Amino acid sequence: MAVLSFSSPVRFPLTFSRRLSPSRLRRSFLACSAETLVAASGEKSAESGDLKSWLHKEGLPPCKVVLKERPSHGGKHRSIHYVAASEDLKACDVAFSVPNSLVVTLERVLGNETVAELLTTNKLSELACLALYLMYEKKQGKKSFWYPFIKELDRQRGRGQLAVESPLLWSKAELAYLDGSPTKAEVLERGEGIKREYNELDTVWFMAGSLFKQYPFDIPTEAFPFEIFKQAFVAVQSCVVHLQKVSLARRFALVPLGPPLLAYKSNCKAMLTAADDAVQLVVDRPYKAGEAIVVWCGPQPNSRLLLNYGFVDEDNPYDRLVIEASLNMDDPQYQEKRMVAQRNGKLAVQVFHVYVGREKEAVLDMLPYLRLGYVSEPSEMHSVISSQGPICPASPCMERAVLDQLVRYFETRLAGYPTTLSEDESMLADYSLDPKKRVATQLVMIEKKMLTACLQSTLEFIKQLPDHSVSPCPAPFAPELK
């Protein structure tokens, strides 16, 4: 029997469900097949044509794209399929338009009322519900209308167009590539969240009985081990499309010819959009026949791109780092400082974003907040409370203390990485570098460059102080930086 694994070496027999009405199954399955629509490497090339023909047979109108493939790194995995222009395209051309009848959403799977009830529990995400549905569908094997889609999902293995899986599926040794980066903690936290959702899967089974009672299998946590669910979750995460201006039950969709067959690019403006009774892609740039088509992935930082889709965009204008500053709760003047911070649009625990190319502005944005934390004398605090705006009176020694704290913070973060920038650059110059290590190195190198730029900006501010000999003021209740 053929076996499918959504995205990792752990595999389980394909079995889908045909319990829904034929028309509903047809609509649902085609939507999912959007994610993975081509034949496996080593199989007859005609299979990809058959799959595309099958989509057209089920209602996909003529389109201006074809499915092509590129080899996987080192030949360890099957090749990656991608959507390319079938003819020369110009900006504003409609590359394809997928009817809603071929798009899978929770509205199709569970219905509006059940969806609303499930999501308001705050225990299950749309992705978890879609993953569970596909797993039960998968247990029906070749009998299922969904079989071609699941087969393609297995082939893609949750990989993006760089042939790299999300770090959610990396081994412990591979996660070490992210040492020093806050992204590693995000990966572990997301993994824990998936585990919590897995533990709530039986809730879906009982709440959506009208659907799942049609499957002659055990309840979710008995039918599927956690690792299988995790693979399915990551596969859905890598290919789900977030539609705008649609109902809650339709906002997450699996669209034929969508990602991961479409590559994401941060500086692209084209995106899959809901239009009338279809989901369509209008390209934002000209393409030559055979060129891979790209779409916008939204304003996501590289850490999120790696976590969700397995790639890093070195030209990402939305990339950012997060710095968390908090007022000291042991400070006798904590309440007054909290009030002043709120008056100026800040919180007692404030998150600052450092955007790529705007590191100096980020440091300038943090300085007033940190100065507030260094105020110690009641008379100074009274002056701050009575003043307008975010500016705190800063003595030379206070300003030096604030800047010194920032210098220590940036130096400490940089020291947390096991490699230097030059070592990263040397690794990336190696063409044979493992793809997972490559994307991880790209990520940490970009982070280090941003932190280095912050450090250099802070040192420049120190040089601009009128008296470099001034010692920093003691600060028993200095703000904390994370």
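This report covers the overall make-up of a protein chain, then one of its helices and one lysine. The model is predicted.

**Whole chain**

The protein chain holds 19 helices and 15 strands. Its overall values are listed below.

| Property of the protein chain | Value |
|---|---|
| Share of the 482 residues that are buried | 54% |
| Share of contacts with a separation of 6 or more that join residues 24 or more positions apart | 75% |
| Exposed area | about 21100 Å² |
| Share of the exposed area from carbon and sulfur atoms | 53% |

**Helix 15**

Helix 15 runs over residues 359–374 and has 16 residues. From its first C-alpha to its last, helix 15 reaches 23 Å, close to the 22 Å expected at 1.5 Å a residue. The helix has a kink of about 30° at Leu 367, and the proline Pro 368 follows shortly after.

Helix 15 is mostly covered, with 12 of its 16 residues buried. Both Leu 367 and Pro 368 are among these buried residues. The buried set begins with Glu 359, Ala 362, Val 363 and Met 366, and after Pro 368 it takes in Tyr 369, Leu 370, Arg 371, Leu 372, Gly 373 and Tyr 374. Charged side chains are thus represented by Glu 359 and Arg 371.

**Lys 448**

Lys 448 is part of helix 19, which spans residues 435–463. Lys 448 counts as buried because its relative accessibility is 3%, and the cut-off for buried is under 20%. Leaving out residues up to four places away in sequence, Lys 448 touches Leu 414, Tyr 417, Thr 419, Thr 420, Leu 421 and Asp 424.

Note on methods
Residues numbered from 1 in each chain as written. Predicted model: local features only at pLDDT ≥ 70, side-chain atom pairs only at ≥ 80, totals over all residues. Heavy atoms only, no water. Helix = DSSP H or I, 4+ residues; strand = E, 2+ residues; numbered from the N terminus. Buried < 20%, exposed > 50% of the residue type's maximum accessible area, 1.4 Å probe, protein only. Contact = heavy atoms within 4.5 Å. Areas by Shrake-Rupley, 256 points an atom, 1.4 Å probe, with all protein chains shown as cover. Expected span 1.5 Å × (residues − 1). Bend = angle between axes of the 7 residues up to and from the residue.
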